[in-house]
Amino acid sequence: MTPLIIILIIVLSIYLAWYNSARQKGKRGEMRVSTILSQLPDEYTILNDLVFKTEKGTTQIDHIVVSKYGVFAIETKNYRGEIYGDDNRQEWTQLIVTDVTYAKKWWKTYTYVTKNHFYNPVKQSVGHALRIKEMLSAFPHVKIVPIVVFAGEAILSNVESRYHIVYEESLLDVISEYRTIYLTDDDVQVVLGILERNNVRGMVNDRQHVKNLRTAAREINATINSGICPKCGGRLIERNGKYGTFYGCSNYPKCRFTIK
């Protein structure tokens with residue numbers, strides 16, 4: 001094998017690792033959703049990849065759609081496999097089942113199951129909607145709609161939520177369902193101005209945002225380890241449920257925070 005071929009193999013390996021990284025998959029999913037949103041009529045304005053300051057650092061929102069019918073906070077996930085989750089779980093589960101046949105044993109198929117966990121996207125999207133509502137306090141009656149859209153080949157049959165958890169092909173239909181007018185044309189421009197002025201994406205890069213998220217996560221974990229609900233400050237109590245033992249907030253049903 002010549003040195004040139006070795007170099008080409010190394011470069012290709014690096015490229016494939018970069019292309020298949022979670023970050024790049026996420027970026028591709030966001031681009032697909034952005035393209036879909038661009039098909040909305042002119043009365044909708046699309047803002048992509050915004051970062052806003054919070055009490056604990058920053059929060060990044062993949063897409064915000066502003067119209068006289070309300071403001072839509074959209075969280076994009078680019079996943080494949082079966083997705084399990086509901087509104088109350090701290091983490092959702094991704095289950096990937098892969099059948100592989102090897103050349104030397106072509107008559108036999110091996111099944112591999114990969115299980116991954118990721119932060120509950122409903123909590124993420126609802127948190128984004130609440131942050132937007134804080135910024136738009138001058139418009140207390142405007143509708144803020146959180147949406148989670150899966151842009152990959154995910155199967156959502158095991159997801160239960162009272163919020164919008166949709167496939168990418170259903171996104172425009174969900175947005176179009178909202179027809180009640182909350183804002184005038186002038187109000188829409190004011191809302192856009194508020195969001196754009198608060199957007200600090202130009203001052204916060206991805207590395208700093210991830211650092212902020214990790215700091216916030218450590219604070220939340222420390223609170224949980226102390227037996228305190230990070231959502232409302234109540235006590236965490238051990239309970240038994242359909243899927244086994246878990247810890248829930250003592251202020252249930254007012255607070256529905258749970259963790260295994």
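In which strand is Asp49 found? In this predicted model, Asp49 belongs to strand E1. Its backbone deserves a brief look, since phi of Asp49 is near 55°, a positive value in a residue other than glycine. Most residues other than glycine have a negative phi. Strand E1 will come up again below, where the packing of the protein is described.

Taken as a whole, the protein has 260 residues, of which 38% count as buried. Its secondary structure comprises six helices and 12 strands. Among contacts with a separation of 6 or more, 56% are between residues 24 or more positions apart. The exposed area of the protein is about 16000 Å², with 53% of it supplied by carbon and sulfur atoms.

A good place to enter the interior is the largest nonpolar core, which has 21 residues. Those with the most contacts inside this core are Ile64, Val66, Val71, Ile132, Val191 and Leu195. Several elements each supply at least two of its residues: strand E1 (45–54), strand E2 (57–67), strand E3 (70–77), helix H3 and helix H5 (185–198). The largest share, five residues, is that of H5. A second, separate core of 18 residues is also present, and Tyr69, Phe72, Ile147 and Val166 are included in it.

Helix H5 can be followed a little further. Its end C-alpha atoms are 20 Å apart, which agrees with the span its 14 residues should have at 1.5 Å a residue. The buried residues in H5 are Val188, Val191, Leu192, Gly193, Ile194 and Leu195. Cover for the buried residues of H5 includes E1, E2, E3 and H3, and these elements also contribute to the largest core.

Helix H3 covers residues 121–135, 15 residues in total, and reaches 21 Å from its first C-alpha to its last, close to the 21 Å expected at 1.5 Å a residue. At its N-terminal end, Asn120 acts as a cap, with a side-chain oxygen 2.8 Å from the backbone nitrogen of Val122. Val122 itself is buried, as are Pro121, Lys123, Ser125, Val126, His128, Ala129, Arg131, Ile132 and Met135 of this helix. Ile132 offers a handy view of the packing around H3: not counting residues up to four places away in sequence, Ile132 touches Ile61, Ile64, Val71, Ala73, Ile144 and Leu195.

Polar side chains can be traced along strand E3, where Thr76 is found. With a relative accessibility of 7%, Thr76 counts as buried, and its side chain is joined to that of His63 by a polar contact of 3.1 Å. Glu75 and Lys77 form a salt bridge, their closest N and O atoms being 3.3 Å apart. Is Glu75 buried or exposed? Glu75 counts as buried because its relative accessibility is 3%, below the 20% limit for that class. Lys77, at 12% relative accessibility, counts as buried too.

This pair is one of six salt bridges in the structure. Another brings together the side chains of Asp86 and Arg89, at 3.3 Å from N to O. Arg89 counts as partly exposed, with a relative accessibility of 23%. A further salt bridge joins Asp87 to Arg162, where the closest N and O atoms are 4.0 Å apart. Here the pair links distant parts of the chain, 75 residues apart: Asp87 sits in the loop between strand E4 (80–86) and strand E5 (91–101), while Arg162 sits in the loop between strand E8 (153–160) and E9. The two partners also contrast in accessibility, as Asp87 counts as buried at 16%, whereas Arg162 counts as exposed at 69%.

The tour ends with Glu168, in the loop between strand E9 (164–167) and helix H4 (171–176). Glu168 counts as buried, at 15% relative accessibility. Which side chain makes a polar contact with the side chain of Glu168? The partner is Arg32, at 2.4 Å. Arg32 also appears among the residues that Glu168 touches, together with Ile36, Val149, Phe150, Ala151 and Gly152, when residues up to four places away in sequence are not counted.

Notes
Residues numbered from 1 in each chain as written. Predicted model: local features only at pLDDT ≥ 70, side-chain atom pairs only at ≥ 80, totals over all residues. Heavy atoms only, no water. Helix = DSSP H or I, 4+ residues; strand = E, 2+ residues; numbered from the N terminus. Expected span 1.5 Å × (residues − 1). Buried < 20%, exposed > 50% of the residue type's maximum accessible area, 1.4 Å probe, protein only. Polar contact = N/O pair within 3.5 Å; in protein donor to acceptor, adjacent residues only side chain to side chain. Core = buried A, V, L, I, M, F, W, Y, C linked by side-chain atoms within 4.5 Å. Contact = heavy atoms within 4.5 Å. Areas by Shrake-Rupley, 256 points an atom, 1.4 Å probe, with all protein chains shown as cover.
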